[in-house]
Amino acid sequence: METAADIGKTLGDEERRLAALADLAILDTAPEADFDELAALAADILGMPQAALSLVDKDRQWFKAKVALPFEQTHRDIAFCSHTVALREPLIVRDASADARFSDNPLVTADGGIRFYAGAPLFHSNGQCVGSLCVLDSRPRDDFDEDKLRILEGLARLASRLMATRGERRKGEIAAKVVEATSEAVVAADREGQIVLVNRAAEDLFGHSSQQALGKSIELLMPDRFRNGHQKKIDNAAAGGPTRLLNTLVELPIKTADGRELPTELSLAPWGDNGSEGGFAAIFRDITSRKLLETDRQETRNFLDAILENLPAMLFVKEARTGRYVVVNKRAAEIMGYAEKDILGRTDSELFGPVGRDYEKRDAEAILSERPFAYESEHTRADGETFNIRTTRVPMDGPDHPRQFVIGIAEDMTDFRRSEAKNYWLARYDGLTGLLNRGSLSSLLSDYVSEGDPFAILSIDLDRFKAVNEQFGHPAGDAALKVVGDRLQELVGRECVVSRAGSDEFVILLRGPRLNDRATTLAYNVVERMAEPIKTRGKVAHIGASVGIALYPQDGETTEKLRENVDLALYRAKKDGRGKVCLFDSQMDAAVRDRRMLEGDLRAAVANGDIKLAYQPVVASSTTDVTSFEALARWKHPTRGHISPELFISLAEDCGLIEELGALLLDQACNDAVKWPEHLCVAVNLSPLQFRSGKLIQTIQSALNRSGLAPERLQLEVTERLVIEDTDETVTQLKELRAQGIHILIDDFGVGHSSLSYFQVLPFDKVKIDKSFIHEIETSRSANAIVEAVIGIGRQLSMGIVAEGVETEKQRNLLTRLGCSHLQGYYFSAAMPPEEVPAFIADMQAPPVRLASTVA
């Protein structure tokens, strides 16, 4: 029999403690004089009006004995003894009303409540603390000294031994009655192998009376062939050595008084203590009939076993009346999670608890059914693994009566159902983020339109997601998308539907009142949340988002029109500078049509060479000599007139023309510059998209080769947008260009996400301070300080500093005084067509002067 100590090895601390308490079998028992006297003795010796022997159960404390206490038990939460049990050492509370742990306790606040408490722990023999012996008073006590505490502890130890002795005595009495009443033959021997007990059933089985057997060697019952070496095994077992017979069932023949050998099944267990008192008890069962039956059926069983063991399906047979298993195959045992021997002879309720009762109900339905009864259910094994099982039950006649058994054959449907569920999930959800996929969104959108209730659709596009993929790799990009999906789901909760509709495109559907206000508020929350850095795979990504909003039905009465219009709103949001929110309006539709017409005109202009260059001079601040010209693209539309470069360059980027346009402008600039004096350079602006093609270096080299312009006379201007989005790839290309002698400038510095770290990793020759700072340099202390700081950094790093947008003499003088190396703006000249450049040079400066390489 498994003891509390054995059980405790597999349980948690509290479970082991409760198991030890249960092992004592003392809870809710009648009063016993020994314990009552011990409690009274504690109160008397220690001079206390109240005392108790308290046992702390799972949810209560119960008193086995008590003196002057008005209640039989209390809730564990308010029990002082619960603290003693937790501490596993004595606890003294001299004034409970002044102790923060107990001052609000109802046992304290009640009339005549507890003020003083002293408790010593009670221990089970396995070391678990099960309660305490305590003394109490309704007034505070300062006179409970160390001597009284030692007395209390001594009495607690006495109480612990008293409980242990009571438990062992009770078990012994029960065991003696069971042994004498059982139909199994029981024989006990001491450690010397001498028989000390023979019950009535053993007398009948072996043919020896107890008077004949007592005091004789256990060899009395052993056939001669087993006696050799038996005493040595007895001595070894008595000394604590291993024996294979303990706590197991083995078949062993015994010798009866008339000399016959009788097949028995033997179970051997130790008895007594670890000292000289004790030995081994054996339980014998006559298995003669079973052995005969086994012999008769062995061949048939072997044949059936071979079929059952190799059957891939789960097969079982139960006795219909009792519900006990009589046959299970290997596959059935695997799915049930038990060994076959642990299943046979038991019911589903015994094996599986409440779930097992459901199985038994289906057996009953099968017995009443006139046809095979099929049912699919989910079964969870003790180890937590879950199976989907489809079982067909059929009643089967037996040798004793019709429908004596229920035979069941079950198919394991787990893989099929999981695959089915996975396919269903994949058909509806995005595998990366777990959000609804594009197909589910389309279906839901159609449903919303069919229902006719107003709703809002928010289209969300990540602003710099491509850069994350290119800088950190696709695994980091996927991780970032998961974070985005989680953030969106957190923002909307259960109020909205969130979908991943594309690579970096997400959609939110919002229903309910005040759609305009709620959708706008939500959109700004999305923008704010997406602007927060995302940590992915050891990297920090800065993404951001733009949001377009359309409302049903005013912005479209069909799903197609709604999707088209929300895309237009998103497009406008992105064009407004990213990180923006835009609601659709009717003017957008006209604007998009107009933009598409302009796109067609731009394609024709590029093809016909209608995009021209104008040149604005850059002068040395100390001499006002021209050192270079910035090439600026110009387009004069036949009907619209001059088109802003910001508009048509952006349009070229959007429609895929930027690479072709950039190559044409580069050719023009090189061809024009080669005609200028050799000391003059030409600066050409590059789009970030030109760096992504992988052809930029080849394009630049071809332009230089065709024109004959020296690489040292070409300057390439890049923006902070390029630096932010494509750092690693950009650095590689810029370094290669610079190695050829080409100068690299960073344009519009200060208006983007400026960072001094750019200067450590990127090979700039000049920094161009944005004109917005120059316009305010005379009136703004902050603008003046920023310009002065950038100039100082340029000096330290041996870089030239170009101030754009110089328009007044005062600005020129101030910038020169601050140390700015180069100036550009209307003060010197507006941009001019290429044919006017030679005359301007002649007017502006004397014969060429060589500039230092750091400012060329």
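Helix axes here are lines fitted to C-alpha atoms over the stretch in contact, and the angle between two of them runs from 0 to 180 degrees between N-to-C directions. Keep that handy for the first two exercises. One caution before starting: this is a predicted model.

**Exercise 1. Describe how helix α16 meets α20: at what angle do the axes cross, and which residues touch?**

Step 1: start with the axes. Those of α16 (residues 438–451) and α20 come within 10 Å, and they cross at roughly 115°.

Step 2: list the residues on each side. From α16 you have Arg-438, Leu-441, Ser-442, Leu-445, Ser-446 and Val-449, and they meet Thr-559, Leu-562 and Arg-563 of α20.

Step 3: sort them by class. This contact is made of 4 nonpolar, 3 polar and 2 charged residues.

**Exercise 2. Work out how α30 and α31 are oriented to each other.**

Step 1: find the helices. α30 covers residues 781–796 and α31 covers residues 809–818; their axes come within 10 Å and cross at roughly 40°.

Step 2: turn the angle into a word. Angles under 35 degrees would be roughly parallel, and 65 to 115 roughly perpendicular. The crossing of roughly 40° fits neither range, so α30 and α31 are oblique to each other.

Step 3: add the handedness. The crossing of α30 past α31 is right-handed.

Step 4: look at who touches whom. On the α30 side, Asn-784, Val-787, Glu-788, Ile-791 and Arg-795 take part, and they meet Leu-814, Leu-815 and Leu-818 of α31. By class, that contact holds 5 nonpolar, 1 polar and 2 charged residues.

**Exercise 3. Explain why Cys-134 and Cys-81 are not bonded to each other.**

Step 1: find the closest partner. For the sulfur of Cys-134, the closest cysteine sulfur is in Cys-81, at 3.8 Å.

Step 2: apply the cut-off. A disulfide needs two cysteine sulfurs within 2.5 Å, so the 3.8 Å between Cys-134 and Cys-81 is too far for a bond.

Step 3: check the rest. Searching the whole structure turns up 0 disulfides.

Step 4: look at the surroundings. Cys-134 has a relative accessible area of 2% and is buried. Cys-670 is buried as well, at 0%.

**Exercise 4. Place Val-406 in the fold and say whether it is buried or exposed.**

Step 1: locate the residue. Val-406 sits in strand β16, which runs over residues 405–412.

Step 2: judge the accessibility. Buried means under 20% relative accessible area, and Val-406 has 1%, so it counts as buried.

Step 3: see what surrounds the side. Setting aside neighbours within four places in sequence, Val-406 contacts Phe-316, Val-317, Lys-318, Ala-320, Asp-363, Ile-367, Arg-393 and Val-394.

Step 4: check a partner from elsewhere in the chain. Gly-323 is 83 residues away from Val-406 along the chain, yet their C-alpha atoms are separated by 8.5 Å.

**Exercise 5. Do the same for Ala-633 and Ser-650, and find a residue that both of them contact.**

Step 1: take Ala-633. This residue lies in strand β25 (residues 626–637) and is buried at 11% relative accessibility. Outside its neighbours within four places, Ala-633 contacts Ile-611, Lys-612, Leu-613, Pro-645, Phe-648 and Leu-665.

Step 2: take Ser-650. You'll find it in helix α22 (residues 645–654), buried with a relative accessible area of 14%. Not counting residues up to four places away, Ser-650 touches Lys-575, Arg-595 and Pro-645.

Step 3: match the lists. Pro-645 appears in both.

**Exercise 6. Inspect three loop residues with backbone features: Asp-28, Arg-514 and Pro-553.**

Step 1: Asp-28 is in the loop between α2 (13–24) and α3 (33–46). Its phi is near 60°, a positive value in a residue other than glycine, and Asp-28 is exposed at 52%.

Step 2: Arg-514 is in the loop between β19 (505–511) and α19 (515–530). Phi of Arg-514 is near 45°, again positive in a non-glycine residue, and Arg-514 is exposed at 56%.

Step 3: Pro-553 is in the loop between β22 (545–552) and α20 (559–575). Tyr-552 and Pro-553 are joined by a cis peptide bond, with omega about 5°.

Technical notes. Residues are numbered from 1 along each chain as its sequence is written. This is a predicted model: local features need pLDDT of at least 70, side-chain atom pairs count only at pLDDT 80 or more; totals for chains, interfaces and linings use all residues. Side-chain values use heavy atoms; hydrogens and water are left out. Buried means under 20% relative accessible area, exposed over 50%, partly exposed in between (1.4 Å probe, protein chains only). Helices (H or I, at least four residues) and strands (E, at least two) are DSSP runs, numbered from the N terminus. Angles under 35 degrees count as roughly parallel, over 145 as roughly antiparallel, 65 to 115 as roughly perpendicular and the rest as oblique. A crossing is left-handed if the near helix is turned anticlockwise from the far one by less than a right angle, and right-handed if clockwise. Contact means heavy atoms within 4.5 Å. Ala, Val, Leu, Ile, Met, Phe, Trp, Tyr, Cys and Pro count as nonpolar, Asp, Glu, Lys and Arg as charged, and the others, Gly among them, as polar.
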